[in-house]
Amino acid sequence: MEHHNPAWHQLQQTGVQSETTYMDAARKEMYPLFKHAPRKVLDIGCYAGGVGHGLKQSYPGVFVWGCEPNQEIAKIAATRLDKVTQQTTEQWGEAEISLLKEMDTVLFLDVLEHMYNPWGELQFMAKHLLSSAQVLLSIPNVGHMSVMANLARSNWAYEPAGILDVTHIRFFTAYEMRRLIYQTGFRIEEEKILSGGKPQAIEKFPVNLDMGHLKITVRDLAHWQELHAIQFGFRIVIGADNQLTADELELRYGKHR
């Protein structure tokens with residue numbers, strides 16, 4: 001019988017993976033979410049600079065500033081990007097905050113779920129960014145039907161990568177992603193499913209889905225698609241209350257105002 005080490009064996013005492021399972025990808029699937037071509041970009045959690053390197057190839061002349069706390073990885077990123085900061089935003093001084101005010105694009109690609117306080121991170125951005133800045137997020141969906149089916153069997157197995165990556169600290173369903181965005185001072189301009197199998201066609205909703213230990217009533221097509229979504233992508237901008245609809249205000253405050 002073949003034995004596999006549990007995912008937590010990859011963790012150091014700091015809680016960081018001792019060896020990454022993620023590729024140094026350009027993440028070009030995010031490009032359709034850009035409302036305008038990026039000119040000055042901050043990539044939070046830039047790792048080795050793969051995203052920024054791709055941007056420089058696709059958008060000549062773009063300035064890319066990366067934030068990466070891992071010292072050794074940051075050294076690699078520094079060879080590919082215009083600027084790399086190792087300090088997290090809680091440690092930033094006047095120079096970093098002043099530069100932040102010049103950014104027209106900020107990226108949080110598979111990063112917020114690794115943070116103890118992603119709400120505070122987005123609040124910090126909403127306080128200092130230009131009102132015209134576009135912020136792109138990608139967040140894994142813990143509301144995926146496979147996760148819920150396993151949870152119904154008392155299984156919550158961490159993995160080296162994916163929705164239940166062993167280094168994830170926070171977990172979000174699609175609805176909680178939207179609340180994260182609105183409660184921290186932003187509003188959604190565009191939302192899309194970035195990855196996930198295409199669900200089989202259903203002719204009529206609602207429909208009852210029997211998964212053995214779990215039974216779900218699928219409300220509509222959007223609910224059906226959310227159950228299959230592995231990851232969501234968003235383009236968000238700073239949003240004042242007077243710019244929001246009643247439904248958006250409910251996401252921000254929990255009820256219609």
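**Notebook: cysteines, salt bridges and helix packing**

I looked for disulfides and counted zero of them by the rule of a pair of cysteine sulfur atoms within 2.5 Å. I note here that the model is predicted.

**Entry on the cysteines**

I looked up C46, which is in no disulfide, and found that the nearest cysteine sulfur, that of C67, is 7.1 Å away. From the side of C67, the nearest cysteine sulfur is that of C46, and C67 is likewise in no disulfide. I recalled that a disulfide is a covalent bond between the sulfur atoms of two cysteines. I then checked the accessibility of both residues. C46 counts as buried because its relative accessibility is 4%, and C67 is buried with a relative accessible area of 4%.

**Entry on helix α1**

I asked which residues of helix α1 are buried. In this helix, residues 50-58, they are G50, V51, G52, G54 and L55. I next asked what the buried residues of α1 pack against. Their partners are the strands β1 (40-44), β2 (63-67) and β4 (105-109).

**Entry on the salt bridges**

I searched the whole structure for salt bridges and recorded 15. I followed three pairs and one network.

The first pair I followed is R39 with D104, whose closest N and O atoms are 3.8 Å apart. R39 lies in the segment before β1 and D104 in the loop between α3 and β4, so this salt bridge ties together parts that are 65 residues apart in sequence. I also checked D104, which counts as buried because its relative accessibility is 9%.

The next pair is R178 with E191, where the salt bridge has an N to O distance of 2.7 Å. R178 belongs to helix α6 (residues 174-183) and E191 to strand β6 (residues 186-195), so I noted a link between distant parts of the chain, 13 residues apart. Are R178 and E191 buried or exposed? R178 counts as buried at 17% relative accessibility, since the cut-off is under 20%. E191 is partly exposed, with a relative accessible area of 32%.

The last pair is D241 with R252, and I recorded 2.8 Å between the closest N and O atoms. D241 is in the loop between β9 (231-238) and α8 (246-253), whereas R252 is in helix α8, so the pair ties together parts that are eleven residues apart in sequence. D241 counts as partly exposed at 29% relative accessibility, and R252 is buried with a relative accessible area of 12%.

I then asked which residues are linked in a network of salt bridges. The network holds K35, R187, E189, E190 and R235.

**Entry on helices α6 and α8**

R178 and R252 led me to the helices that hold them. I found that the axes of α6 and α8 come within 7 Å and cross at roughly 85°. The two helices are therefore roughly perpendicular, because angles of 65 to 115 degrees count as such. I listed the residues that make the contact: from α6 they are Y175, R178, R179, Y182 and Q183, and from α8 they are E248, L251 and R252. I sorted the residues of this contact by kind and obtained three nonpolar, one polar and four charged.

**Entry on T89**

I located T89 in the loop between β3 (83-85) and α3. T89 counts as buried because its relative accessibility is 8%. Which residues does T89 touch, not counting those up to four places away in sequence? I found I44, E121, F124 and M125.

**Entry on helix α5 and S154**

I looked up helix α5 (residues 145-152), in which M145, V147 and A149 are buried. The buried residues of α5 pack against β7 (207-210) and α7 (221-228). After α5 comes S154, for which I noted a positive phi, near 70°.

**Entry on A95**

I placed A95 in helix α3, which covers residues 94-100. Is A95 buried or exposed? A95 counts as exposed because its relative accessibility is 61%, and the cut-off for exposed is over 50%. Finally, I compared the positions of A95 and S154, which lie 59 residues apart along the chain, and found their C-alpha atoms separated by 49 Å.

Note on methods:
Residues are numbered from 1 along each chain as its sequence is written. This is a predicted model: local features need pLDDT of at least 70, side-chain atom pairs count only at pLDDT 80 or more; totals for chains, interfaces and linings use all residues. Side-chain values use heavy atoms; hydrogens and water are left out. Helices (H or I, at least four residues) and strands (E, at least two) are DSSP runs, numbered from the N terminus. Buried means under 20% relative accessible area, exposed over 50%, partly exposed in between (1.4 Å probe, protein chains only). Contact means heavy atoms within 4.5 Å. A salt bridge is a side-chain nitrogen of Lys or Arg within 4 Å of a carboxyl oxygen of Asp or Glu. Axes are lines fitted to C-alpha atoms, for helices over the stretch in contact, and angles run from 0 to 180 degrees between N-to-C directions. Angles under 35 degrees count as roughly parallel, over 145 as roughly antiparallel, 65 to 115 as roughly perpendicular and the rest as oblique. Ala, Val, Leu, Ile, Met, Phe, Trp, Tyr, Cys and Pro count as nonpolar, Asp, Glu, Lys and Arg as charged, and the others, Gly among them, as polar.
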